[in-house]
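The following report describes helix packing, nonpolar cores and selected residues. Please read it alongside the sequence and the coordinates.

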Amino acid sequence: MTISTRLNALWEYANPRKFLALTERVLPALWVLTAITLVGGLVWGFFFTPDDYKQGSTVKIIYIHVPSAFLATSVWFMMLVTSLVWLIRRHHVSALAARAAAPVGTVMTLIALITGAIWGQPMWGTWWEWDPRLTSFLVLFLFYLGYMALWEAIEDGDTAADLTSVLCLVGSVFAVLSRYAVYFWNQGLHQGASVLRAGAVSGTDTEEKVSNVYAYPLLLCLLGFGLLFVTLVFYRTGTEIRARRIKALIARERANG
């Protein structure tokens with residue numbers, strides 16, 4: 001099968017009916033797989049790993065903070081891709097998928113900010129620092145709120161999709177800064193990547209890394225959070241498609257009446 005054939009097969013799911021049929025088939029399995037990996041990773045990390053010799057039990061915040069922070073930026077990048085698809089191809093499913101992902105990304109960003117503050121207080125001696133990464137994360141959170149507010153403020157769905165897509169393009173700058181700020185500036189308290197880096201778990205690099213006893217359950221938590229995101233986006237996108245259909249039917253009945 002050629003690449004073009006595969007892409008054409010993928011584009012078929014831009015059809016709302018085919019997308020709904022797909023989600024109805026895969027969602028039950030996704031919910032089960034998400035529950036197994038997420039609960040398994042959290043239980044492993046919180047109850048079957050030792051306290052750190054420096055941070056004590058505080059280190060176990062890593063199992064929530066790191067996956068939520070990773071998703072906070074990854075969700076926005078997913079929204080960027082689907083927004084570009086909408087602007088170029090005008091597929092409604094892509095615009096609705098971006099809208100469906102925004103609340104998930106907002107919650108993940110908020111969790112990352114809160115758990116970061118809880119973790120930072122005993123480590124840095126402060127709940128908040130205007131560190132480049134922390135500040136860019138806060139701005140990204142405000143962009144999430146603005147994105148959702150813009151969807152709600154505009155009545156026409158296509159116009160809302162156009163404007164929120166442009167907002168997504170602008171906000172992508174802060175999504176990049178949130179993930180890579182520690183590489184752009186030397187100052188700041190926040191450390192660089194210590195798990196999601198080649199060799200971080202295997203020990204083939206020479207930089208500071210997370211011990212394997214913490215890294216392996218953390219990787220399982222990352223997988224669980226990722227599956228949770230996919231599951232919620234599939235579910236919420238289906239809900240958005242149905243809500244759009246209901247809205248169109250109501251408008252048609254009013255016009256005929």
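Helix α3 passes α5 in a left-handed crossing, a term used where the near helix is turned anticlockwise from the far one by less than a right angle, clockwise being right-handed. Helices here are DSSP runs of H or I with at least four residues, numbered from the N terminus. This is a predicted model, in which local features need pLDDT of at least 70 and side-chain atom pairs count only at pLDDT 80 or more, while totals for chains, interfaces and linings use all residues. Residues are numbered from 1 along each chain as its sequence is written, and side-chain values use heavy atoms, with hydrogens and water left out.

The two helices α3 and α5 pack at an angle of about 45°, with their axes 11 Å apart; the axes are lines fitted to C-alpha atoms over the stretch in contact, and angles run from 0 to 180 degrees between N-to-C directions. The pair α3 and α5 is therefore oblique, the class left once angles under 35 degrees (roughly parallel), over 145 (roughly antiparallel) and 65 to 115 (roughly perpendicular) are set aside. Contact, meaning heavy atoms within 4.5 Å, is made by residues including Val 75, Trp 76 and Met 79 of α3 and Tyr 144 and Tyr 147 of α5.

A nonpolar core is a set of buried Ala, Val, Leu, Ile, Met, Phe, Trp, Tyr and Cys residues joined through side-chain atoms within 4.5 Å. The largest such core has 26 residues, of which Val 75, Trp 76, Met 79, Tyr 147 and Phe 229 touch the most other members. Two or more residues each come from α3 (62-89), α4 (92-124), α5 (132-153), α6 (157-184) and α7 (212-256). A second, separate core of 11 residues includes Ile 61, Ile 62, Tyr 214 and Ala 215.

Beyond four places in sequence, Met 79 touches Ala 98, Ala 101, Ala 102, Tyr 144, Tyr 147 and Cys 168. Cys 168 is buried at 0% relative accessible area, and Cys 221 is likewise buried at 0%, where buried means under 20%, exposed over 50% and partly exposed in between (1.4 Å probe, protein chains only). The count of disulfides, taken as pairs of cysteine sulfur atoms within 2.5 Å, comes to 0.

Two further residues are compared by their C-alpha separations along the chain.

| Residue | Partner | Residues apart | C-alpha distance |
|---|---|---|---|
| Glu 240 | Ala 97 | 143 residues | 8.2 Å |
| Leu 87 | Ala 161 | 74 residues | 8.5 Å |

Glu 240, in helix α7, counts as buried at 14% relative accessibility, whereas Leu 87, in helix α3, is partly exposed at 31%.
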